[in-house]
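Please open the model in your viewer with the chains coloured separately, and keep a selection box to hand. The stops below go from a sheet to ring contacts and then to domains.

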2 protein chains.
Amino acid sequence: MHLNTSICEVDNPDLTEEREKGTFDTDKMAAVIYGSEKLARRRREISEAVSKIPELADTQPFPFMDRLEKITEGSRKLEVLNNNIRDIIDYDDNGERLHIYQEVTGMEGHPLALHEVMFIPALVSQASKEQQEKWLGRARRREIIGCYAQTEMGHGTNLRKLETTATYFPDTQEFVLNTPTTTALKWWPGALGKSSNYAVVVVDMIIKGKSYGPHPFMVQLRDEKTHIPLKGIVVGDIGPKMSFNGGDNGFLGFDKFRVPRTNLLMRHVRVEADGTYVKPPHAKVNHSAMVHVRSHMATGQGALLAQALIIAVRYSAVRRQGFLENKTQEVKVLDYQTQQHRLFPSLARAYAFIFTGFETIHLYSQLLKDVDMGNTSGMADLHALTSGLKSVVTHQTGEGIEQARMACGGHGYSMASYISEIYGIAIGGCTYEGENMVMLLQLARYLVKSVELIKSGEAKKLGPMVSYLAAKGGHPDLSSLNGYVTAFEHMARRQAWKATEKFLKLMESGESREIAWNKSTVELTRASRLHTRLFIIEAFMRRVSRIEDIPVKEVLTDLLHLHVNYELLDVATYALEFMSSTQLDYIRDQLYLYLEKIRPSAVSLVDSFQISDMQLRSVLGRRDGNVYENLFKWAKSSPLNKSDVLPSVDKYLMPMMEKAKL
Amino acid sequence: MHLNTSICEVDNPDLTEEREKGTFDTDKMAAVIYGSEKLARRRREISEAVSKIPELADTQPFPFMDRLEKITEGSRKLEVLNNNIRDIIDYDDNGERLHIYQEVTGMEGHPLALHEVMFIPALVSQASKEQQEKWLGRARRREIIGCYAQTEMGHGTNLRKLETTATYFPDTQEFVLNTPTTTALKWWPGALGKSSNYAVVVVDMIIKGKSYGPHPFMVQLRDEKTHIPLKGIVVGDIGPKMSFNGGDNGFLGFDKFRVPRTNLLMRHVRVEADGTYVKPPHAKVNHSAMVHVRSHMATGQGALLAQALIIAVRYSAVRRQGFLENKTQEVKVLDYQTQQHRLFPSLARAYAFIFTGFETIHLYSQLLKDVDMGNTSGMADLHALTSGLKSVVTHQTGEGIEQARMACGGHGYSMASYISEIYGIAIGGCTYEGENMVMLLQLARYLVKSVELIKSGEAKKLGPMVSYLAAKGGHPDLSSLNGYVTAFEHMARRQAWKATEKFLKLMESGESREIAWNKSTVELTRASRLHTRLFIIEAFMRRVSRIEDIPVKEVLTDLLHLHVNYELLDVATYALEFMSSTQLDYIRDQLYLYLEKIRPSAVSLVDSFQISDMQLRSVLGRRDGNVYENLFKWAKSSPLNKSDVLPSVDKYLMPMMEKAKL
C-alpha cells in the first residue's frame, strides 16, 4: 500500500517510480487542499460517479470541435446531467455543483453558464418577494434560461456611463428600453447570445427626464415557444474569443422595447405608478458580493494553475532528454534545475492561492457577523485586499501556466497538452470582474488612506491588515519564516509610504488631485502588489501551521520555504539599502536548496489535487503517464486525418504542380 | 500636409487628433525601421499592389474559420499568388517574399510554409550537384512540394538520439528507412502532414551495423498523381495547436521504406556503392545558419510585438473611460500612466528588437568575410549572443503582447483584436529553433569560458562582445546614456562572475562537472539574460546615433531613454550594494518622465511600422480607428449568427425547458 493513491499497474514506470517515493498520504493532502477529508472525498466520489455514465463523456476531444460543436456538446451534456445530477451531488451545494460542471462540461463555457451563478442570484438579491414568486421558481426549474447583462460595448468599468436607457411612461406604466448608439449595445454577457430567453439587464433609469443611474430590469428576450427574439430586441453572439468558446457571450440592443413597470427589480428601490421613485431606507455600500466573487477567484485560479502544473510535472517525469552523470539513459527533464525553477515556485503559488482563497472566504463569513453587529472596518480591509488579491493571483497564475506549457517543450504547444486552453481560461480573469490595474488602484486608495491616517496620528483607526504600515522595521533576520515576513512587511510599508508621499507632494506642488493621482499610479500599483503578496505569504503560513498530519505538514513547510525565498528574491529591487548582498545570496541558496527538496515530492504534490483525467483533458498530463502512444492516437483521430488527401490539395495544390510540369 | 502619412478624412477624430500632433515624418521613421527609404517604400508598394487584387483578400476573418477552412484559404491564395507574384515582387528577394506572404496568407501558416524557407535551402546546401540538377529545378518550379523533417516525437533538442534509421543494403544499393517505435515518429515538421509530397528527412544512417549519426535524405512521401501516401509511409497531421492552425505540421513513420543510395544528400558526405563512407575533407563547426535564423527571429519577433502595440496604442486613443480633470468627457485610456507603462516600454523594445536583429544580421555578414580570412573568434561571440538574443527577445515579446492585449480590456480578449493569435504565433518562438533555457545555457557556456580565460590571465583572447567582463566597474553616473551602459555592464559582469564562481566552487567541493553545472544553471541563465539585454541596449544606442533626420532622432532618443530606465529598473535586484536608493528613485522619476514624453508621439510611433490593415487583421487596430461599428459588423457576420436559433437549442434546451413546465 503506497501513500500516493494514484499508483496503478498499467502506468508508465517513470511515473510509478516517482509516486513510490511519496512521503505523504495524497488523500490527506487533498483534505488539506480542499478543506476537509469529507470535501476531498466527495470530489473523488463525484468524479467516480460521473465516469460511470457514458453519456457524460466527451464525444471527441474539445480541441477538435468548432464553436458550434462545443456549444452543442455542452447543451447535450446539460440535458443528460439534468436527469442525473441530483443522484450524484447535493444540488444546493455550490461547491459540488461547480465540481460536476467542471468535470462534465469542462471549463470552456456552456449555455447555462450564467443561469445559476448570475441570473438566479440577481433575482434572489434584487427582486421583490412578489417578483421572486413570479420568476424564481420558473428559473430554478429551468422553464426559462437567463443571464445577467450589464457591460456595454463602450462601457465596462465606469458603470455610471452606461448608455442604455429605461424611460418611464406613467400613462401605460411601462418602461421603454432603448439603445441609442452602437457603443450602448450590451456586449460580453455570458449565455446572452444564443441560449438565454430572459435576462436581468442593468440600464440607466430615467423618470420624468431625470436619470437615476443604473438599475436592474427583468427582460424577456425570446419567445418561449419558438426562441425567436422578440420584436424590438437585437440579440446575437459576439464572435470567437481567446477561450470560453463553448459559451455564447452575446450582444443585446433595444429598439424602444417596452416592459411593465413591475419588471424593474424592486427589492431595494421602488417606482410607483405615477413615477415616484422610492429610495431604499438606508443605502449602504455593499461590497460583500465582490469580496465573495474575488475570494473564489483566488481559489479558482489556484486550481487552474494546479491543472497546468499537474500536466507539466507529470510530463516532465516521463520526458527524457540529455544526460547528467549517467550516460546510458537520458535524464528525466524534471531533474534539470531550470525545469524545477520553472515549475516548483508556481506549484507553491498554486497551493498558496487556494489556501488564501479559502482563508479569505472564511474571514469574510466571520466579518459578516461583525457587520451585523455594526462593525464594518474589517470588511473595508478585506474588500481592499481582495481587489489586490484578484489582480496578483490572476497575473501570477497566467505567468505560471505559460511557464508550465513551455516546460513541456514542443508538445506543450500542441492542443494535446490543453495547457494553452487553460491559459486562455485563466488569463481572462485579469480582465473580468474588475480590470487588474483598476483593482490594484482600488486597493491603493485604501493604502493611501491608511498612511494618511498614520500621518495624522490616528494609527489606531487602521484596519488589522494594514496595521503593519505604522510599525517600524529593523534589519531582517532570515533565520526564521517570521523574519521573511518582517522583510516583506518592510518593503510593502516602504513602498506604500513612498507612493503616498509622491502623490501628496505632487498635490502640494500644485497638481490637481486627479493629475497627482494619475502620475503616482504605477508606484501605487507596486505598493498594492507588495501588500497583497505579503498577505498571501501570511495566509500560506497560517494554513500550514494548522496542519496536524506530520508528513503533510513537512512537505508543505518545504513548499512554504520555497515560496518565501522565491517571493522575496522576486521583489528584491525593493530591498535596496535594506538587505545586504550576503543576505540575497543566502536567499538564492535557500531557493535552490528547496527546489532540490521538493523534487522527490513533486509528482505526489500535483497528484494530490486529484483532478481526474476527464477534467484535465490533457494527453500530456494523463495520470498513467502513457503519453506518447496516446499522443499518436489523438493526432490520428483529429479532423484533418479523416481523409488522406484534403479537398484543398485536389483543388489548388495538385493543379499548381501539374501546371508547373508543362 | 501632415508629417504622419496615415491621416485620412473618414477617420475617427480621436486618432486624427493624435496624428496631427506628430513631430516626425512617419515615412522617414519607416525608413529607419526597415533599413532604408527604398525598403520601406517597397513595403508600401507591395501592400498597395496586393490590395488591388480582390482574389487575394480574406474570404472571411481568420478567427471564423476552422483549420480545414484556413488551410483551404491558404491554398487558394497560394494558387492566386502563383500567377501574380512575379509582377508584384522581386521573387528572389527574401524580404519581399516574406512581406507578401505575411500580407496575403497571414501568419498562421500555409501549405508551402516550409517549401521555400527549409526544403529548397536544404537541397541547396546539402545536395550534390547531380542531385540538385535532379530535384532543385522541380522544387523551384513547384512541380513538387517539400518540407524538412528532423524532430521526432521523443527527441527534439538532443539530435544524437534520433531513433529513425536508414540502414544501407549494398546488394540493392538501397537505404531502408524505418521507424522502430512511436517516439521515433517524425513529429512537428511544418507542411508535412497533408501538403508535401517530398521531404528532406534527417535520420540515423547505419552502414554495416555501424551508426553514423544524423544524415539528410530526400524522400518521396506521396504519389505525384494521386497524392496518396506511398506504401511504407505513414503520414498525417499532428492535430490542432496553440496557433499556426493554417499549417499542417505533420507526423511521419517508415515501415521498412526503401530509397536508392543516391537519395542520401551527398554534398558533404558520400556513401559508395559498397557502403564505404566518405567523410567531408575538413568538417568544421558551422553556426552560420543558426546565427542567421536567430537574428531574423529578433527582427520578426520585434515586428510581432509591434503589431500588438499598433492595435493597443490605436485602440487606447479611441477608447474613453473614466475622468481626469475634465468631467464632461471621459478620457482616452492612453492618458492613464498605468496604460502608458503597460505599452510604451514594450514599444521601445519592439524598436530595439528590430534594430538589434538588423544589426546582428549586418554583423554576421561582416564576420563571414573574417571567417573567409580564417578569423572565427568574432563568429563564436556572435553565435553565443544570438542564442541569448533569441531567448530574451521571444520571452519579452510574449510578455509585451499579452500586456498589449490586456491593455485593450475585454475587447482585447475577443478574437476581433487578433492579439491573442499574434501572441500564439510569437510565443511559439520560445520553443522552436532551440528551447529558450537550452539557448540561455548555450550562451552561458560561452560566458563561463570567457570568465575562465580572464581568471587564467588570458583576457586578451576574449571576443569583443565579452571584453567588458574583464573591466572594472565604478559607481554609475546616470547623467548620460553611457552611464546606464556602465551600470548594466557592471551587473552583467557581476552575475557572470558569480555564476561561474558558483559552478567552479561546486566542482571544487567534489561535485561532478555535470552536477555542478546543473546546480548553477538558474544563476547561469540570469547571467545570459543580462549579457543579452546589455547588447540590446547598445545596439539600440548605436542605431539611434546613426540617424540623420533630426525629428526622427529626437523621438527615438526619448524612446531610448525610456528603454534604458525601464530596463535598469527591471533588473535592479542586481544593483544591490552598488546603486543607492536615491539613484533608483531617479531612475523611476526618469521612467515616468519619459512615459509622458512619449505619449504625444505614441500613435505616430506605431503608425510608422506601416503594417497594413490587411496584414494586421484586427478590428481594434484599424488604421481609421472606427472600431465600434466594425466590431458590431464583425460579430454579426460571425458563424453562430447565421441563424437565430441554434440547432442545439432546438434539440436540447427547448425540450429541457418544456419538460420543466409539465
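Begin by selecting β7 and β8 (residues 250-254) of chain A, which run antiparallel and are joined by five bridges; strands here are DSSP runs of E of at least two residues, helices are runs of H or I of at least four residues, and both are numbered from the N terminus. Two strands are taken to pair if DSSP finds at least two bridges between them. Within this pairing, G236(A) stands opposite F251(A) in β8(A). Widen the selection to the open sheet of three strands, whose order in chain A is β4-β8-β7 with antiparallel pairing. Its edge strands are β4 and β7 (233-237) of chain A, each of which pairs on one side only.

A word on conventions: this is a predicted model, in which local features need pLDDT of at least 70 and side-chain atom pairs count only at pLDDT 80 or more, while totals for chains, interfaces and linings use all residues. Residues are numbered from 1 along each chain as its sequence is written, chains are lettered from A and ligands numbered from 1 in the order in which they are written, and side-chain values use heavy atoms, with hydrogens and water left out.

Next, turn to the aromatic rings. Rings of Phe, Tyr and Trp (its six-membered ring) pair if their centres lie within 6.5 Å, and planes under 30 degrees apart count as stacked, over 60 as edge-to-face and the rest as tilted. By this rule there are 29 aromatic pairs over all chains. Select Y168(A) and F175(A): their ring centres are 4.9 Å apart and their planes at 50°, so the pair is tilted. Y168(A) counts as buried at 5% relative accessibility, and F175(A) is buried at 0% (buried means under 20% relative accessible area, exposed over 50%, partly exposed in between, with a 1.4 Å probe and protein chains only).

Then select W188(A) and Y413(B), whose ring centres are 6.3 Å apart with planes at 55°, so this pair is tilted. W188(A) lies in the loop between β4 (186-187) and β5 (198-207) of chain A and Y413(B) in helix α11 (residues 409-413) of chain B, so the pair joins two chains. Both W188(A) and Y413(B) are buried.

In chain B, find R97(B), whose charged end sits over the ring of Y91(B), 5.4 Å from its centre (NZ of Lys or CZ of Arg within 6 Å of the ring centre and within 35 degrees of the ring normal).

Finally, colour domain 1 (144-279) and domain 2 (478-608) of chain A, with bounds from an automatic or database domain assignment. Their centres, taken over C-alpha atoms, are separated by 44 Å.
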